[in-house]
Amino acid sequence: MYRIMIIEDDDKIASILQQYIERYGYEVVRATRFRELKQEFADTKPDLVLLDINLPHFDGFYWCRQIRTVSNVPIIFLSARVGDMDQVMAIENGGDDYMTKPFHLDVVMAKIKSALRRAYGEYAAPTSSTDELMANGLTLDRARNIVEWNGIQADLSRNECLLLGSLLAKAGRIVSRDDLLEALWDNVHFVDDNTLNVNVTRVRKKLEELGLPKAIETVRGQGYRLNLPLADADR
């Protein structure tokens with residue numbers, strides 16, 4: 001049984017979510033210690049988090065960053081904020097998805113199931129010798145969500161790892177936006193296209209930190225392509 005943690009200070013909304021999610025056989029825990037949510041998260045050990053932005057003491061962006069220091073569990077933001085920048089900030093701070101209030105409970109459930117399948121189910125990254133992808137000296141360890149180039153490593157979120165894995169598997173070739181969306185979310189009808197843009201931006205920044213600026217090329221109207229220089233040993 002998967003455990004879902006709801007971090008929402010509106011008791012009515014949290015109660016509705018809890019009752020609906022529990023109908024599907026999931027265990028639901030509602031946050032109560034809003035001053036120490038990181039510790040409550042560690043004590044709860046959830047498999048997925050539903051996270052509001054407007055919270056007492058510190059906002060959801062802050063707590064998402066705190067959770068990301070200890071875990072890569074899927075985090076879905078639920079917020080009344082509808083601005084594009086709020087969605088961008090949610091993804092930039094480590095969120096996997098974003099939904100605006102008021103929301104349809106069936107869509108919330110679809111996103112939860114999708115995120116759980118991606119993280120733990122039939123769509124999860126395999127745990128075998130194929131965990132490691134390599135191209136031109138760039139190595140992606142999908143079991144640990146780590147990318148390495150020239151001895152320098154960077155940690156990736158689950159979605160960043162899935163995205164880079166799709167590009168790395170076809171390095172030098174165009175990967176369509178639809179293929180990337182399907183790699184990250186199996187039901188693309190519930191995904192805001194801007195969410196993909198934000199994830200691509202985050203992966204670009206990680207590659208830049210490794211010394212690979214402009215490694216991900218946008219191919220207008222088609223998708224993205226990962227362009228890698230030759231590794232030192234191949235020159």
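The questions and answers below concern a predicted model of a single chain.

Q: How many helices and strands are there in the chain?
A: In this predicted model, 49% of the 235 residues of the chain count as buried. Among contacts with a separation of 6 or more, residues 24 or more positions apart account for 59%. As for the elements themselves, the chain holds 8 helices and 12 strands.

Q: At roughly what angle do the axes of helix α1 and helix α5 cross?
A: Helix α1 covers residues 11-22 and helix α5 covers residues 105-120, and their axes come within 11 Å. The angle at which these axes cross is roughly 60°. That makes α1 oblique to α5, since angles count as roughly parallel under 35 degrees and as roughly perpendicular from 65 to 115. The handedness with which α1 passes α5 is right-handed, and the crossing angle asked for is roughly 60°.

Q: How do the residues of the contact of α1 with α5 divide into nonpolar, polar and charged?
A: From α1 the contact draws on Ile16, Leu17, Tyr20 and Ile21, and from α5 on Leu105, Asp106, Val108, Met109 and Ile112. Asp counts as charged, whereas Ile, Leu, Tyr, Val and Met count as nonpolar. The division is therefore 8 nonpolar, no polar and 1 charged.

Q: Which residues does Ile112 touch, not counting residues up to four places away in sequence?
A: Ile112 is found in helix α5 and is buried, with a relative accessible area of 0%. Its C-alpha atom is separated by 8.0 Å from that of Ile76, although the two residues are 36 residues apart along the chain. Leaving aside residues up to four places away in sequence, Ile112 touches Ile4, Ile21, Leu48, Leu50 and Ile76.

Q: Where around helix α2 do its buried residues lie, and which elements are included in what covers them?
A: The buried residues of helix α2, which spans residues 37-44, are Leu37, Glu40, Phe41 and Thr44. Because they cover an arc of only 105° around the axis, they are on the same side of α2. What covers these buried residues includes β1 (3-7), β2 (27-30), β3 (48-51) and α3 (60-68).

Q: Is Lys45 buried or exposed?
A: Lys45 comes just after α2, in the loop between α2 and β3. Its phi is near 55°, a positive value in a residue other than glycine. The relative accessible area of Lys45 is 59%, and a residue over 50% counts as exposed, so Lys45 is exposed.

Q: What is the phi of His57 near?
A: The loop between β3 and α3 is the place of His57, and at 47% relative accessibility this residue counts as partly exposed. His57 is a residue other than glycine, yet its phi is positive, near 75°.

Q: What is the separation of the C-alpha atoms of Asp96 and Val73?
A: Asp96 lies in the loop between α4 (84-92) and β5 (97-100). At 3% relative accessibility, Asp96 counts as buried. Along the chain Asp96 and Val73 are 23 residues apart, and their C-alpha atoms are separated by 9.1 Å.

Q: Which peptide bond is cis, with omega near -5°?
A: One of the two residues that form this bond, Pro102, lies in the loop between β5 and α5. With omega near -5°, the cis bond is the one from Lys101 to Pro102.

Q: Which residues of α7 are met by residues in α6?
A: In helix α7, residues 177-184, the buried residues are Leu180, Leu181, Ala183 and Leu184, and they fall within an arc of 160° seen down the axis, so they line one face of the helix. The axes of α7 and helix α6 (residues 158-169) come within 9 Å and cross at roughly 140°, which makes α6 oblique to α7, and the crossing is right-handed. The residues of this contact divide into 6 nonpolar, 2 polar and no charged. On the side of α6 the contact involves Asn159, Leu162, Leu163, Ser166 and Leu167, and the residues they meet in α7 are Leu180, Ala183 and Leu184.

Key
Residues are numbered from 1 along each chain as its sequence is written. This is a predicted model: local features need pLDDT of at least 70, side-chain atom pairs count only at pLDDT 80 or more; totals for chains, interfaces and linings use all residues. Side-chain values use heavy atoms; hydrogens and water are left out. Axes are lines fitted to C-alpha atoms, for helices over the stretch in contact, and angles run from 0 to 180 degrees between N-to-C directions. Helices (H or I, at least four residues) and strands (E, at least two) are DSSP runs, numbered from the N terminus. Angles under 35 degrees count as roughly parallel, over 145 as roughly antiparallel, 65 to 115 as roughly perpendicular and the rest as oblique. A crossing is left-handed if the near helix is turned anticlockwise from the far one by less than a right angle, and right-handed if clockwise. Contact means heavy atoms within 4.5 Å. Buried means under 20% relative accessible area, exposed over 50%, partly exposed in between (1.4 Å probe, protein chains only). The arc is that of the directions from the helix axis to the C-beta atoms.
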